[in-house]
Structure formats: structure tokens, C-alpha cells
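Please look over the sequence and the coordinates below before reading on. The paragraphs after them are meant to be followed with the structure open beside the text.

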Amino acid sequence: MIHCSDWRDLPYREIWAVDTEYYPGLGLANGGREGDPITPLALVAFELRSSRVLRLWQDELGPFPPYRLDADALIIAYMATAEFGFHLAMGWGQPARTIDAYIEFRHLTNDARIKAGDRPNGFYSLAGALRHFGEDEIDLARKDEMRDRIMQGPPFTNQERADILRYCEDDARALARLIPRLVPTIPSLPHALYRGQYAWALSHEERCGSPIDLAGLDRIRAGWDAIKADLVTTIDREYDCYEIVDGVPHFRDEQFLAYTRRQHIPWPTYADGRLDKRAETFRDMSRTFPQVANLHELRSTLAQLRSNKLAVGRDGRNRTLLGPFGTKTGRNAPSNSKFIFGPAKCLRFLIMPPPGMALIHRDFSQQEVRIAAVKSGDGALLAACEAGDVYLGIAQQLGFPESRPGLRTLFKTVVLGIQYGLGHRSLASRAGISLYEAAEILARLRARFRTFEEWCTNTADYAGLRMTMSTAFGWTVQCPPGTSARTIRNWPIQSDGAAILHAASILAERRGIRIVAPIHDAFLAEGPAADIADISVALDRLMRDASSLVLCGYELPTSDDGGPIMPNQRYYEERGENMWNTINRLIENLERKTA
Amino acid sequence: MTDAAPVPPDAGDIAKLWIDTGLGDALTTEHVHSIPIGKPRDFFRTHPDPAYRPRAEIYVQKSENVIGEQFFLIGPAMRGRIDEARPCILVCVVDRTGAPRLWPIMQPRHDEKDNAAWSSARAVAREGLGRWVKLVWKGRAYISRVADQGYAPDPDFGKLQSFNDLVKIAFGDHGIIHNEDHPIFRDLFGKVEQSEGNDDPLL
């Protein structure tokens, strides 16, 4: 590990704080849409050692970047995927050494007790980082105003050009003020540079974007207000949880409570008795009570289409910032409403390869439980994973007959639960089994996979004594007193899953595999239809290589469930199929009526 | 875990960044501070090492004023001195969480006949060497109940302390009757409490 307590000791001749400005496509005022490939507008770079400043407008940008990209120069940006997107749009190369100050600030403030969403607004912005260090902030009102103007696109007056360059320079100088504060907090410089490499790889994925059936999306958007009430009425028929008031559906808690009682579903509640209606609770409960799945999908779809923010450019590509290291575990955190792989599964049917191209969706098979087995060295748990179906494999090891109805669903809940220390009460509630049986299952699990349990205990001891945890690639989380035991148990597994995706993204960029979307433990890749089988094999290889790098030689298996998505085919998502079909039927009815 | 696979040539720089986080390393040691004595109530496995089931002599105190039983091990110098004490096999068994227990299985004295309760208990303990079993009293003897296949895997006996250490923890400082000064011995034989430097003029 190399640590620099002073930025001046950084082993580079030049240290550039870089900020760029760009707008989507032709600019929003000229028919551009959010999701279009970006058009570079301005760049300001401030060299910290010499105080040299480069201010370049659109027409001054050339085929080569205005600063060095070799290993003697360090490029620092705040949310570097944006600056890298600018590089890619200009056809510039990858800087040999990059630090993403945004990622490093997140790293510095990565506290296991605090969810990113619970931070004050703007905490992770450049202004927030400056505020954190007690530095003078930047003018946020002016920033919003300037950003809005830039997004509109050309023409720009001379005054606007001067204002935008000054605004861009202010950000570059603000970043330069942050660097002396931030650099001493970076525990390991090589690992920070590695995270910078990941930002470069991710910027390629952001630039590619998922191909979307734009006509289909526009059709849904056009008819959405007219079909919304009908959609809710159709799906809600079996639930009776919504009330339509003036054509607007309202979810009623008391009706939902009555539904859960009718169905004998022990729905989780808060301490004050209120129903827990969080999306993750609906997701978890849908696993055990599949009858709730359609209601969950309906709520997700209404939320995602209500915001109407899905960022799809005129070229039919869903492009949005993917939020590298946006969570405690280091996983990406793209905007739920802008990203096609947000909570509404039915919208994924809009993903279609463009003519002549094909897509391949490849995910790690049972990634988390395998990581748990490998990290803890629990041979029995690994054997259960290797047996084929891990859920049935574990059920079998615990002596449950395969013929028992709902066995796989039960053990899916169990296996996902052991990763974060699910208690017998929660298991009984989620799986709809008796407390005694839940306790017995967990006791058998603890006895059977005692090496894993011991590893979890050791991890908790480590976190409690050292008050920090780290991945093998240097991403750490602070564990001050008050950190939830569940977080401590789950973090090493989730963060290693994230580390595998980071390594895989970097390898994909190096090997020329065109990733169009990273999805939790999976990738969506694109290539010519004729080559898609080879691309699938190459993707499998690089994902295995990435897992091997993180897990000391263990290659996580991958699968491409339905095979490639060929031209004219749609992405298939079982959990959203019913909703997708219903929406299409209602749109067709609407079109027939209006015709 | 598999042996480390060769690193692909384009991933050598990534592989060099791998650090051992020490997350799963044991930073603490677990100390057992109490070990129950008596017959196991739940499914158990018997320690396969004969050193963990020595012959011993034990006295079971069933005091009028104390709920349950108290077990006292008779030290070598006191063997045969207490009529109420019995020969036994002191068997170490564990439950599925790996927690040990010492189970004194009574044996007949040299002039006594064996009885069904003792011999059947020994048979169940023997069965516990190979599978998870539970003691069930039926009629005038114990029978075994065998656990389902998935109840628990074979225990890891290697983690247990030495038998002597287990005995020390289970019986404690006052649980072994080494000489006539032991309060239980004096109690059994109606001997007067001895205390050094007693200045009570009546004694």
C-alpha cells in the first residue's frame, strides 16, 4: 500500500484537476433528449503543481487531450465517468493514472450505519465534499442555473460562453481545493487508481447504453395516462388494494391489510404497526408469496412510469450515469427511474437489439452463496452449491425430502437469509412456517455449515475490534459501535460480489467486449448477431477470470439463461411478463378506440 | 477453495492489488466456562477417543434443599471411602452446536449385578459413537432414538479441550473430593466444620 500524507508527495510530475461540460445530443432545446450521446462543450483543467489553467471551448478541442495521459501525470475528476464520457466522445484515450475524487470521498465517508439515501441532500456532491472538509463551498444556485443552460445546447452567446467557461473553471478550482484534503485520507494509492480504472471501464458501458425499442417506449408513454387506471383496475382485480379517484389510482393501506389477512400473509410491519411497503419488502415477500408478485410489479411500474425519466436517446439507447461505488458495498447505484434495469421488470421487454446485432445476458449463478462458501472455506456449503441447485442441495443436506411442496421456495428464503443472519421469527414469517420449524432449520444450518458460521463470527469480531472491514481490493467500510450485525455479516459477501463486477468490467473493456449494462451480478453485452455465440463464450471467460481474481482462483460459474437475444427478439423477464402483456393489450385497445 | 488458477496475462496488474483482509481470521478465542454434568436430554454424539470416557467414581448429591442433582468426583485417595458414591464411566458427549457435556453412566460395584438402566445407557452411549442419538426411557431401560440424516454432520471433536480441562471446568474447584476436609465428605459423615483460627470458646 502506498499512502501520501501530502498531495505534493504524489509520485507524478503533473496533477490535473479536470472538469468538463457537455449536453445530450444536439441539446434539449434542439430536439436532443436525455439519453443521447453527449456532445462535448467545454473543458477546464487546473494543474496543481504549476497552477497552469487550460480553458477550452468546443471549437478549441482537438483530436488529442490538452494534458498528458501517461503514467507521469495524474488526472483527478469528480465523478470521473462524466469526464471519461467526454474523453470517449472526443476519441481521446484513457489516462494512465486517474483518481475519481467522488469515489474516494464516498470511500472516506463509507459508514456501515448510514444508508447513502439517509445522507443530507448534496452530501456526495463536490460542494458537499468541500463542506465536509470545512472548505468554502461553491455557488449551488448558479451551478443549477448554468447546468440547465448547458443542457439546452447551442447556440451560446459570447457572454454565455464566457460564463460557462468560468463556471467550469470554478468547479475545477473547487476540485483543486478538495485534493489536498482528500489525498491524505486515501489509504492506498494503487487501489484508488484501480477504482479510477473501473470508472474508465464503466464510462464505456454508460456510453454504449442498452438498446431500446424506442417506438415501443414512445407508444407506452403516449398512452400511459389513458391506460393507467385500466391497468390498475385489471391487475388490482385479485388484490383490491387501489381506489381510483378522478382517474388517478391510490394505494390504500387498509385495503392491502385486508388482502394480506384474506390470504393469510404475515406481512412485516414497523414497530408502530404500520405496514412495511418498501420495494425490497415487496420483493422479498414475493419470493415466498408469489401471489404478491403482480402487485409488486404494478407498484414498481407505476412509480417508474410516473416519473417518466427513463433516459433513452434518439438513437434508442438507454444512457444514464451508473453511479460507481454508489453503495456501502461498492456496487453501482444507477438512478432507479432513469435506468432500464430499474425496479419495473416489465419495462425490460423494451430492450431489443438493433438490426444486425444481438444481445447476451450473462449472470453469475448463485453468486452470493458461492462467495460465502469460498470466502469462509466451508466445504459443505460449496458442495451444496456444486450439487447443481444450491437451494435443493442445501435442503437435501439438511434432510428435507425433495418431494415436499414449496421446498425450493422455502430454501431460497433460507439461503438468502443466512447471508445476513435471518432469525427464526423472520424466517417463520417470510416462509409461512411454524416458529419451531424455522428454528430447527436454522439450527441444522448452523450445525451443517459451522465453518461458515465460525467465519461470520470471526468477521463480526474483526469488525467489532478493528471497527472497519475491507475487500481484497481495498474498498473499506467503517463499523463504529451501533453497526447492525446483519450489515456486518452481509457486507463481505456483497462487497466481494461488487469487486468481481469491477474486475469484470475492466477486463471487458480491455478485451473489447461491448457491455451495454451492468446489472447487480450480471452483464448485458452486445455484438454482431453472427458473432454473439463467441461473445457469449468470451463474456463467460472474463466473468470467470474476474471471480478468480477476487476469490483466489475460484471461478464462479455463469449462465446465459435464455440464450442470446437475436434481432427482432425482446429481452425476456419472467417476473414482468404478465404486466408487459397487460400494458400492451390496453395500449392496443386504446389505439383501436382512437383509430 | 480451489488452488489458485493462473492469472490471465491482461489481469496481472489487478491480481497484484489483491490484499489479505484477514476478515475471517480468528481474533478471539472462545472459552467455555461451564460444562453441564448429567445425562443428555437432546440428540448427542459420543467422543470417539477412549481418553474421553475414563472410569471414575462419583457421588450424586440430592439435597433436600437444592433443586436437581450435584455431582462430585471422588479423587484417587478417597475412592471406596464413601458408600454412596458409585463407580461410573464418565463419558464426554457433544450436542449439534459442539457444546460438550459429561455424562456419568453408572456401573455396578464389584459385588453388584448390572442393571438394565445402566447397561442400556451404556449401549446408547456406544451407539452415539457413530450417529446422532437421543436417550428415551421405555419400560425399565433406555432405548435410543436416531436423528434424521440431516440433523447435523459429524461433530468436530478436535476443537474440544483436553478431558482433564473439561473435568476441571465441569466440576469446578469444589467438585472433586480429594480428602476428608471436603465439605461434602464432612456433611456426609456428620463431621464438624473445621476452620483455622476459630476463636469460638465453645469449640
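What follows goes from the domains to a helix and ends with the contact between the chains.

The model is a predicted one, and a convenient place to begin is the domain assignment of chain A, which gives domain 1 as residues 7–211, domain 2 as the segments 214–311, 320–352 and 573–594, and domain 3 as residues 369–492. Between the C-alpha centres of domain 2 of chain A and domain 3 of chain A there is a distance of 30 Å, and the contact between these two domains involves nine residues of domain 2 of chain A and 11 residues of domain 3 of chain A. On the domain 2 side of this contact in chain A, the residues divide into three nonpolar, three polar and three charged.

Helix 18 of chain A runs over residues 485–511, and because a helix is expected to advance 1.5 Å a residue, its 27 residues should span 39 Å, which agrees with the 40 Å between its end C-alpha atoms. Helix 18 of chain A nevertheless bends by about 40 degrees at Trp491(A), with the proline Pro492(A) following within four residues. As to its surroundings, helix 18 of chain A is mostly covered, 22 of its 27 residues being buried, and after the helix comes Gly512(A), whose phi is positive, near 75 degrees.

Turning to the second chain, 29 residues of chain B are in contact with 41 residues of chain A. The side of chain B that touches chain A is made up of 16 nonpolar, eight polar and five charged residues.

Note on methods: Residues numbered from 1 in each chain as written. Chains lettered and ligands numbered in written order. Predicted model: local features only at pLDDT ≥ 70, side-chain atom pairs only at ≥ 80, totals over all residues. Contact = placed C-beta atoms within 7 Å. Nonpolar A, V, L, I, M, F, W, Y, C, P; charged D, E, K, R; others polar. Domains from an automatic or database assignment. Helix = DSSP H or I, 4+ residues; strand = E, 2+ residues; numbered from the N terminus. Expected span 1.5 Å × (residues − 1). Bend = angle between axes of the 7 residues up to and from the residue. Buried ≥ 20, exposed ≤ 12 C-beta atoms within 10 Å, placed from the backbone.
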